[in-house]
Amino acid sequence: MTQKPVMHSAHWGAFHAERSGDQLLIEPFGGDPDPSPLLQNFRHALNHPARVARPMIRRGWLENGPGPDRRRGADEYVAVSWEEASHRVALELKRVGEAYGPAGIFGGSYGWSSAGRFHHAQSQVHRFLNTTLGGYVRSVNSYSSGAASVLLPHIVGDMNEVARRGVSWEEIAGHSEVVLAFGGLALKNAQVASGGLSEHTERGFMQRAAQRGTRFISVSPLKSDLPEEAQGEWLALRPGTDAAFILGLLAVLITEGLTDEAFLARYCVGWPQMVAYIRGEEDGVVRDAPWAAAICGVSSDLIRQFARQLHGKRVLVTVAHALQRAEHGEQPVWLGLVLAAALGQPGLPGGGYTYALGALGHYGKHHNLVSFPSLPQGKNGIDRFIPVARIADMLLNPGTRFDYNGRQLTYPHIRLAYWAGGNPFHHHQDLARLRQAFCQLDTFIVHESVWTASARHADIVLPATMTLEREDIGGAPTDRHLIAMQPVAQPYAEARDDYTIFRDLARQLGREEAFSEGRDARGWLQHLYHQLQEKLAAHQVQTPDFNQFWQQGILALPQVKDGGRMINAFRADPDAAPLPTAGGKIEIFSATIASFGYDNCPGHPVWREPQQKPSADYPFWLIANQPATRLHSQLDFGDFSQSGKRGGREVCSLNSEDAAARAIADGDIIELYNDRGHVLASARLTDTVMPGVVQLPTGAWYDPVDATAARPLCRHGNPNVLTLDIGTSSLAQGCSGQITVVQVRKFAGEVTPVQAFIPPL
Ligand SMILES: Nc1nc2c(c(=O)[nH]1)N[C@H]1C(S)=C(S)[C@@H](COP(=O)(O)OP(=O)(O)OC[C@H]3O[C@@H](n4cnc5c(=O)[nH]c(N)nc54)[C@H](O)[C@@H]3O)O[C@H]1N2
Ligand SMILES: Nc1nc2c(c(=O)[nH]1)N[C@H]1C(S)=C(S)[C@@H](COP(=O)(O)OP(=O)(O)OC[C@H]3O[C@@H](n4cnc5c(=O)[nH]c(N)nc54)[C@H](O)[C@@H]3O)O[C@H]1N2
Ligand SMILES: [Mo]
């Protein structure tokens with residue numbers, strides 16, 4: 001059966017979809033100059049065997065009732081009717097709510113879910129818990145930018161202002177002479193933006209800039225972090241050592257009189273403290289080029305030449321999210337800013353500092369005049385939270401105190417966790433420890449459309465529709481198209497959308513009106529669209545009515561060119577337009593951060609030895625970065641994601657010489673391991689990964705041979721079996737999962753097929 005193509009949108013692009021038999025034909029939106037191949041992951045997704053067909057309850061929970069249980073992750077499931085499932089969920093929420101209040105419920109529900117702004121699952125969970133149970137323990141910051149989003153407001157300004165309204169791609173194409181990208185500018189990453197992006201323009205901008213003569217330099221352990229189009233240079237640096245490298249560059253600039261002292265004096269606070277630290281006046285350690293070279297694995301000559309080449313040029317420094325997703329991840333973010341300041345660049349067209357350029361399709365873009373309204377969340381009656389990546393610590397250590405951004409907080413005792421639209425067994429570190437943490441709960445409820453590892457650890461799994469099975473509106477503040485996301489199929493089996501599930505639960509809890517305000521899903525879409533119309537009308541912009549918008553499928557929105565707004569005004573007149581920091585200037589030294597007294601994040605940026613570093617037992621750095629073939633774990637069974645695997649297993653790239661030393665051939669199944677577990681992957685030999693480094697992307701669904709093992713073996717290739725679960729520092733407590741240390745060998749055990757996509761019993 002073939003139907004008319006409909007308009008739809010994902011985090012990785014807008015498209016037309018049409019059913020043809022059991023396949024979907026996907027045609028990228030015609031206005032997209034460089035559509036993402038990730039779209040092809042939808043092709044066979046609708047009826048994939050990994051779909052959750054019916055409400056399911058874990059046998060142990062069904063038989064014994066709520067309570068801590070070590071069988072989570074290794075139990076059977078029993079199919080139940082919707083009536084029974086939602087009745088049991090409602091009763092359990094009532095029980096926990098009455099006994100412990102909102103402080104017993106964790107509703108952070110971190111995760112990317114789908115592009116539609118109404119069915120945004122995390123917003124639905126929050127609204128539901130606020131309107132029915134009076135609130136929940138929430139999570140703050142993100143896995144993306146945990147360290148940076150806490151640090152940047154202290155030293156220059158809000159992260160979104162710096163990343164999204166920093167230096168624009170247009171300015172780079174027109175003005176930058178050097179783009180120094182720590183962590184590179186991989187096009188694989190800019191394919192994606194939350195809420196969707198209808199036009200992929202990074203490739204074109206890099207081409208334009210390179211043609212004009214911009215010199216792109218990628219500092220990274222992987223050559224692939226800079227696309228061909230940039231015609232750039234690759235500087236291979238040991239992972240986790242960028243802070244030392246930048247200190248070495250600063251030392252050269254200082255010694256050779258190449259710093260912009262006038263800029264530093266007028267626009268910054270704390271440069272003298274930085275200089276004293278580099279010169280060793282604080283502790284006797286001189287941080288010069290040879291000192292940095294020994295840490296980073298490059299020559300001191302290279303550091304000297306590199307520093308000299310930056311002087312006198314229009315230089316833009318950008319630091320990828322990846323660098324701060326590591327122990328002391330605050331430091332390279334801070335030092336990137338200090339380097340830009342020492343060169344006197346912030347506020348000049350195409351120069352200065354921008355955070356995470358190219359890491360997401362949002363960054364370096366223009367903004368819509370007004371943004372699409374989000375679903376109102378209601379009021380959370382309690383103010384208890386954790387930094388998002390401290391979830392396992394919280395579940396394992398209730399009542400324990402921890403540091404965060406100058407505060408001492410206490411982990412609450414969580415009895416029930418509710419998740420929709422995220423996959424903690426994708427995003428979190430040290431999965432064996434995470435399983436232990438989830439085993440402490442009384443009850444773990446998950447809405448999912450597919451049997452992810454998180455669903456397999458839940459007590460109650462409620463089948464959710466996929467985005468393709470419902471109507472919604474897709475939009476992002478940096479995308480000039482609003483998309484009417486039209487359904488292409490009926491819900492799979494018994495799946496329901498998150499809103500319908502919550503509305504039914506709210507009814508059983510006697511709070512339906514508070515949750516729904518009497519609207520069905522279409523009613524909410526119209527309501528949110530009308531709010532957008534009103535916001536635009538206040539700027540004299542007329543828009544078609546909802547029905548017309550729905551028929552045309554797309555609406556072009558007016559934008560403003562506000563890139564660099566904050567920093568340009570500051571440069572023009574720092575007294576009239578101070579930065580939103582304590583001193584109104586760029587803080588090379590922050591008295592606020594110093595006052596917190598954290599040795600792992602003092603008042604000015606530093607180099608601190610990480611707890612993890614290569615050793616005789618675990619000599620390799622593992623880079624666990626974002627996958628090129630999917631968004632996180634989403635649609636890992638999809639056509640494009642599968643095309644990147646070998647024999648169904650994830651591919652691990654390693655340097656040919658390292659492989660030869662271990663008699664590993666291309667295509668061999670290798671085992672990566674450390675104290676936390678073992679992971680199998682297919683070896684790919686290459687010279688584009690520096691020696692001493694192996695790379696295994698995130699997102700292969702966790703497939704433990706024995707989930708209850710203390711050091712589990714994942715036969716599919718999920719690197720979070722191996723990553724260490726510690727915060728970046730006492731300041732931000734961010735996720736540090738980007739890098740860890742491992743040993744690698746040819747796998748000698750029995751190889752069994754990947755079973756991650758076969759639903760549990
Ligand atoms: N080691 C390591 N770990 C990392 C990172 C790293 O660099 N290294 N990166 C981190 C980063 S930056 C991030 S953002 C996280 C990402 O972590 P997540 O955002 O948790 O990952 P996703 O795979 O996007 O999870 C979204 C889930 O929502 C489900 N879903 C989609 N739509 C709906 C819906 O409408 N309703 C419901 N109920 N479910 C839906 C999908 O099936 C999927 O399972 O991972 C982090 N983890
Ligand atoms: N295709 C695709 N794109 C995505 C995502 C996805 O899942 N798939 N996820 C999106 C999300 S939610 C986010 S937050 C962003 C994340 O954006 P990032 O965190 O920046 O992305 P990564 O690919 O994890 O890392 C970028 C590169 O940094 C390099 N790197 C790692 N460690 C170091 C280091 O210590 N020093 C230096 N100099 N370089 C290092 C690695 O080689 C890596 O390829 O990506 C977004 N884009
Ligand atoms: Mo992220």
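# Notes on the two ligand sites, pockets and cavities

1. Let's start with ligand 2, which has 31 residues around it, the closest being Lys188, Asp225, Gly240, Asp242 and His632. Please keep in mind that this is a predicted model. Sorted by class, the shell around ligand 2 holds 15 nonpolar, 11 polar and 5 charged residues.

2. Which atoms meet ligand 2 through polar contacts? Aspartate 242 places a polar side-chain atom 2.7 Å from a nitrogen atom of ligand 2. Two alanines take part through their backbones: an N or O atom of alanine 322 is 3.0 Å from a ligand 2 oxygen, and a polar backbone atom of alanine 359 is 3.1 Å from an oxygen atom of ligand 2. As for burial, ligand 2 taken alone exposes 910 Å², and the protein buries 98% of that.

3. In terms of secondary structure, helix 7 and helix 14 (321–324) are the elements that give two or more residues to the shell around ligand 2. Helix 14 has the largest share, with 3 residues. Alanine 322, with its backbone contact to ligand 2 at 3.0 Å, falls within the 321–324 range of helix 14.

4. Now for ligand 1. The shell here counts 33 residues, and His427, Glu448, Arg470, Ser633 and Asn720 come nearest to ligand 1. The class split is 8 nonpolar, 21 polar and 4 charged residues. You may like to set that beside the shell of ligand 2, with its 15 nonpolar, 11 polar and 5 charged residues.

5. How far is arginine 325 from ligand 1, counting from an N or O atom in its side chain? The distance to an oxygen atom of ligand 1 is 2.8 Å. Glutamine 626 also uses its side chain, with a polar atom 3.1 Å from an oxygen of ligand 1. A polar backbone atom of alanine 624, in turn, lies 3.0 Å from a nitrogen atom of ligand 1. On its own, ligand 1 has 920 Å² of accessible area, of which the protein covers 97%. Helix 17 (424–427) and strand 19 (443–448) are the elements that supply two or more residues to the ligand 1 shell.

6. On to the pockets. The largest has a volume of about 1,200 Å³. Its lining runs to 42 residues, with His120, Gln122, Asn160, Arg164 and Ser194 nearest the centre. Helix 3 (121–133), strand 7 (138–140), helix 4 (146–155) and helix 5 (159–164) each give two or more residues to the lining of this pocket. By class, the lining of the largest pocket comprises 14 nonpolar, 23 polar and 5 charged residues.

7. The second largest pocket has a volume of about 680 Å³. Of the 32 residues in its lining, Lys188, Gln626, Pro627, Ala628 and Thr629 lie nearest the centre. Two of these names should be familiar: Lys188 is among the closest residues to ligand 2, and glutamine 626 has a polar side-chain atom 3.1 Å from an oxygen atom of ligand 1. At least two lining residues each come from helix 7 (187–190), helix 8 (202–212) and strand 27 (651–655). Helix 7 makes the largest contribution to this lining, 3 residues, and helix 7 also gives two or more residues to the shell around ligand 2. The lining of the second largest pocket divides into 11 nonpolar, 12 polar and 9 charged residues.

8. What about enclosed space? The whole structure has 4 cavities of 30 Å³ or more. The second largest cavity holds about 150 Å³ of space. It is lined by 16 residues, and Val162, Gly166, Tyr353, Met566 and Ile567 are the closest to its centre. Helix 5 and helix 24 (565–572) each give two or more residues to the lining, and helix 24 provides the largest share, 3 residues. The lining of this cavity has 9 nonpolar, 4 polar and 3 charged residues. Helix 5 also gives residues to the lining of the largest pocket.

9. Finally, charge pairs. Side chains of opposite charge can pair when their charged atoms come close. Across the whole structure there are 45 salt bridges. In one of them, the side chains of glutamate 229 and arginine 203 meet with an N to O distance of 2.7 Å. Glutamate 229 sits in the loop between strand 9 (215–219) and strand 10 (233–235) while arginine 203 belongs to helix 8, so this pair ties together parts that are 26 residues apart in sequence. Helix 8 also supplies at least two residues to the lining of the second largest pocket.

How values were computed
Residues are numbered from 1 along each chain as its sequence is written. Chains are lettered from A and ligands numbered from 1 in the order in which they are written. This is a predicted model: local features need pLDDT of at least 70, side-chain atom pairs count only at pLDDT 80 or more; totals for chains, interfaces and linings use all residues. Side-chain values use heavy atoms; hydrogens and water are left out. On a 1 Å grid over the protein atoms alone, a cavity is a set of points where a 1.4 Å probe fits but cannot get out, and a pocket is an open set with protein on both sides within 12 Å along at least five of seven lines; lining residues have an atom within 4 Å of a point. Grid points are joined across faces, edges and corners, and a volume is the space filled by probe spheres set on the points. Helices (H or I, at least four residues) and strands (E, at least two) are DSSP runs, numbered from the N terminus. Ala, Val, Leu, Ile, Met, Phe, Trp, Tyr, Cys and Pro count as nonpolar, Asp, Glu, Lys and Arg as charged, and the others, Gly among them, as polar. A residue is near a molecule or strand if one of its heavy atoms lies within 4 Å of it. A polar contact is a pair of N or O atoms within 3.5 Å; within protein, one must be able to donate a hydrogen and the other to accept it, and residues adjacent in sequence count only if both atoms are side-chain atoms. Accessible areas come from the Shrake-Rupley method with a 1.4 Å probe; for residues, only the protein chains shown count as cover. A salt bridge is a side-chain nitrogen of Lys or Arg within 4 Å of a carboxyl oxygen of Asp or Glu.
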